[in-house]
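Visitor: I would like to learn how to read a model like this one. Can we go feature by feature?

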Amino acid sequence: MIGDRVAVVGAGMTKFVRRAQETPKELAWEAAHLALRSCEMTIDDIDAIVIGTAPDAFDGVHMKSEYLSDGCGAWGKPVIRGYVGGGTGVFAAIQGWYHVASGLFDTVLVVCEEKMSSCRPHPQAAFLTIFDHTTERPLKPNLLWIFALEMNAYMNRYGLSKRDIATVSVKNKRNAADHPAAMLGDPDITVEDVLNSPVLAWPVQRLDVSPVTDGAVALVMSANHVARRVTDRPVWVEGVGWNLDTAYWTNRDLAYPVYVEEAARMAYDMAGISEPRKQIHIAEPYDPFDYKELHHLEGLMLFDRGEAPRAAADGVTQRDGDLPVCPSGGLLGVGNPIAAAGLMKVAEIFWQLRGEAGARQVPGNPKRGLAQAWGDLMQVGTVVVLGV
Amino acid sequence: MSLLHRIEHPDDALNWHGDMPTEGRYTAGIAGERFFREIKEKGQFLATVCLDCDITYMPPRLYCEECFSHLDEWVEVGSWGHVHTFTVVHRDLDNEPLSEPRILAFVTLDDADGGLVHYLDEIEPEDVYLGMRVEAVFRAEDERQGSISDIEYFRPV
Ligand SMILES: [Zn+2]
């Protein structure tokens, strides 16, 4: 591992909502302001800014990070925007890490924002052009196609039922009921509710999917010597990893996310983790769809291939289970403002490891957790391991 | 290069057309909502002030860009100022000639830092000069929508 240790010392987030009155800049500012306040720092204490935000078309602003910059505290500072689609939120934390680990900066403010309600008639339309313009677009594809084909491949390889997968949606929406910033928390939701929701593209049904959301999240990251000064409870970045599979989704193994495994291996190596099932105490894998949480848990090597659904059914991934998964409520419950949702997962691990997660707090004083996101053309994995 | 450099017409190669069928629905935001409602209801400008940085933000902002603090000090600012710079626009977005050239000016307001880019009217292009005193002309109250177009244009004082 290069350079000095890097810590997360502060975090903040807006409420995740369906339609924010705030401008995207105002959302970014609110999250950034809260993150700074959480560690009693001011913008003058920050050396550099990392901005994470997904497709420009969502907010309807081309060159969105330039537009967002003043809301992210970027006035008069070195700034970078990273972009790996849905993987952006966790990747932004990775960028924050290497800004500090490189020795260039002592303190970095990482801000992720998305305002999807701007995009009409539906943010789906902004994804139309990710499909190949000659072989796929004439078929009038919908983004859900990829997920439906992937989910069906996953279910069939391991003989899984819809019921096996719906438990994830139920768990996360119930967990989110304890999150003050959540949009879709529901303590009473049942598997039957998921199974009875409208079919969008079989096997994907309405309640298998996370919602269109507006929101922002920010982290303050710092070098070791600053972290020691500003907090007595720094949370250390122990490992980071990211990896890209082929851009052709027709040439990928849709039932197993090998790019997540490669990203996890990179992060585990850096963190010195040889037995992730023993050494990871809490996980926030990316869950824009319920099957993706299971898919990713297997890619992260936290369960054998095809075994995550059984573990979920046995309660292992519940907040009080052996491996709490998405105790925040995840994208399915808290909401999915794309880049902000990924960074929310890193923030959740930060709060959990500090014992600051309130009603969401997992028992047993977890010492190490991971956050993972997925995106680009559905072929990038981004992983951050945090520990205390 | 292959065939492409010999293509004289776009249809000489197989090609497809497509668009990204989205439109944006934007909000004015927390600070912007108050700014535009004031224009709509009273025909005047509001600004926010950062007392620490001595900056009067017009249009108003929710936070100070420089010190990042929340701004809740609101002041009324006059709708007059001077031409900081200007241009005379002869073509529209599709490169079609305008029936009449229009003057576009960056107007610095007397009571604020920064200002607005807007049209200038009631004057001929050859008579405009930098530093010229101008004021905003608001539409009639019943025509105002709460948007930047509630200012019809700026004109010489
Ligand atoms: Zn200020």
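Guide: Start with a term. Contact means heavy atoms within 4.5 Å. Keep in mind that this is a predicted model.

Visitor: Which residues does Ala57(A) touch, leaving out those up to four places away in sequence?

Guide: Ala57(A) touches Cys119(A), Ala126(A) and, from chain B, Met20(B). Ala57(A) itself is found in helix α2 of chain A, residues 56-59.

Visitor: How far is Ala57(A) from Val168(A)?

Guide: Their C-alpha atoms are separated by 30 Å. Along the chain, Ala57(A) and Val168(A) are 111 residues apart.

Visitor: Val168(A) brings me to helix packing. How is that described?

Guide: Two packed helices are described by the angle between their axes and the distance between the axes. Now the case here. Helix α6 of chain A covers residues 162-176, and helix α11 of chain A covers residues 290-299. Their axes come within 7 Å and cross at roughly 105°. That makes α6(A) roughly perpendicular to α11(A), because angles of 65 to 115 degrees count as such.

Visitor: Which residues make the contact of α6(A) with α11(A)?

Guide: From α6(A), they are Ile165(A), Ala166(A), Val168(A), Ser169(A), Lys171(A) and Asn172(A). From α11(A), they are Asp290(A), Tyr291(A), Glu293(A) and Leu294(A). By class, this contact has five nonpolar, two polar and three charged residues.

Visitor: Next, sheets. What holds the strands together?

Guide: Strands of a sheet pair through backbone hydrogen bonds, either parallel or antiparallel. Chain A has an open sheet of nine strands with mixed pairing. Read the order as β3-β2-β4-β8-β1-β9-β12-β11-β10. The edge strands are β3 (79-82) and β10 (282-284) of chain A, and each pairs on one side only. The twist averages 25° from one strand to the next.

Visitor: How many bridges join β2(A) to β3(A)?

Guide: Four, and the two strands run parallel. Strand β2(A) spans residues 48-52. Gly52(A) stands opposite Gly82(A) in β3(A).

Visitor: What is the strand order of the open three-stranded sheet in chain B?

Guide: The order is β3-β2-β4, with antiparallel pairing. β3 (55-57) and β4 (74-77) of chain B each have a single partner strand, so one side of each is left without a neighbour in the sheet. Here the twist averages 40° from one strand to the next. Strand β2(B), residues 45-50, pairs with β4(B) over four bridges. Leu46(B) stands opposite Glu76(B) in β4(B). Helix α1(B) packs on this sheet, touching β2 and β4 of chain B. The direction of α1(B) makes about 145° with that of β2(B).

Visitor: Last, pockets. What volume does the largest pocket have?

Guide: About 830 Å³. It has 37 lining residues, and the closest to its centre are Met116(A), Gln124(A), Phe127(A), Leu143(A) and Ile338(A). The elements that give two or more residues to this lining are α5 (143-158) and β11 (368-375) of chain A. The lining divides into 25 nonpolar, eight polar and four charged residues.

Visitor: And what is the volume of the second largest pocket?

Guide: About 470 Å³. Of its 17 lining residues, the closest to the centre are Thr23(A), Lys25(A), Tyr67(A), Ala28(B) and Pro60(B). Helices α1 (24-38) of chain A and α1 (29-42) of chain B each supply at least two residues of the lining. The largest share, four residues, comes from α1(B). By class, the lining has ten nonpolar, three polar and four charged residues.

Notes
Residues are numbered from 1 along each chain as its sequence is written. Chains are lettered from A and ligands numbered from 1 in the order in which they are written. This is a predicted model: local features need pLDDT of at least 70, side-chain atom pairs count only at pLDDT 80 or more; totals for chains, interfaces and linings use all residues. Side-chain values use heavy atoms; hydrogens and water are left out. On a 1 Å grid over the protein atoms alone, a cavity is a set of points where a 1.4 Å probe fits but cannot get out, and a pocket is an open set with protein on both sides within 12 Å along at least five of seven lines; lining residues have an atom within 4 Å of a point. Grid points are joined across faces, edges and corners, and a volume is the space filled by probe spheres set on the points. Ala, Val, Leu, Ile, Met, Phe, Trp, Tyr, Cys and Pro count as nonpolar, Asp, Glu, Lys and Arg as charged, and the others, Gly among them, as polar. Axes are lines fitted to C-alpha atoms, for helices over the stretch in contact, and angles run from 0 to 180 degrees between N-to-C directions. Angles under 35 degrees count as roughly parallel, over 145 as roughly antiparallel, 65 to 115 as roughly perpendicular and the rest as oblique. Two strands pair if DSSP finds at least two bridges between them.
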